[in-house]
Amino acid sequence: MHPPRFVCLLPIFAVLVVSAASARTLSIVEAPGLGAPARHGMEKFEASVRARGWDIQNATSVADVSGDGIVFVGLATAIESWPFAPKLAHPLDTPEALATKKFLFKGKPALLFAGSDDRAVMYALLEASESIAAADSND
């Protein structure tokens, strides 16, 4: 039996909650081609981050990121072309398959949300949004 996905994702989002005391800008880089479901997830995610007191910088490329934390979002097929993105443990080759990875990008905390399709990206972002909203600011 696997633990609920929410429990598995909590350590990843500690980056946002714990860093909130000193860092205030989150850069978000989206891979091209995200559809309506993924956009919906992104809107909810951004609202949760803003509710924690963070500003959002929507970067058009990795060269434009200037935030204290960075989030990369995209379909698995698109992020495979990003040389800086961490490799996924398993291919996202089934409908609604998703992956999240915590890593450092240029010395800053970063999160990667990848999905096999737009619904998977939406689910990853909605879970992240719920985790951020539910997390204690002292965590």
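**Briefing: a five-strand sheet and its helices**

At 32% relative accessibility, glutamate 96 counts as partly exposed (buried means under 20% relative accessible area, exposed over 50%, partly exposed in between, with a 1.4 Å probe and protein chains only). This is a predicted model, so local features need pLDDT of at least 70 and side-chain atom pairs count only at pLDDT 80 or more, while totals for chains, interfaces and linings use all residues. Residues are numbered from 1 along each chain as its sequence is written, and side-chain values use heavy atoms, with hydrogens and water left out.

**Two loop residues to look at**
- Glutamate 96 sits in the loop between helix H3 (76–79) and strand E4; helices (H or I, at least four residues) and strands (E, at least two) are DSSP runs, numbered from the N terminus.
- Its phi is near 65°, a positive value in a residue other than glycine.
- Lysine 106 lies in the loop between E4 and E5, and its phi, near 55°, is positive too in a residue other than glycine.
- Lysine 106 is exposed, with a relative accessible area of 69%.
- For background, most residues other than glycine have a negative phi.

**The sheet**
- Five strands form an open sheet in the order E2-E1-E3-E5-E4, with mixed pairing; two strands pair if DSSP finds at least two bridges between them.
- E2 (55–59) and E4 (98–105) stand at the edges with a single partner strand each, so one side of each is left without a neighbour in the sheet.
- From one strand to the next, the twist averages 20°.
- E3 (residues 69–75) and E5 (residues 108–115) pair in the parallel sense over 6 bridges.
- Valine 73 has phenylalanine 113, in E5, as its bridge partner.

**Helices across the sheet**
- Helix H2 (residues 36–51) lies across E1 (25–30), E2, E3 and E5 (contact means heavy atoms within 4.5 Å).
- H2 runs at about 170° to E1; axes are lines fitted to C-alpha atoms, for helices over the stretch in contact, and angles run from 0 to 180 degrees between N-to-C directions.
- H4 lies across E3, E4 and E5, running at about 140° to E5.

**A closer look at H4**
- H4 (residues 118–134) has 17 residues and spans 24 Å from first C-alpha to last, close to the 24 Å expected at 1.5 Å a residue (1.5 Å times one less than its number of residues).
- At its start, a side-chain oxygen of aspartate 117 comes to within 3.3 Å of the backbone nitrogen of arginine 119.
- Buried residues in H4 include Val121, Leu125, Ala128 and Ile132.

How values were computed. A polar contact is a pair of N or O atoms within 3.5 Å; within protein, one must be able to donate a hydrogen and the other to accept it, and residues adjacent in sequence count only if both atoms are side-chain atoms.
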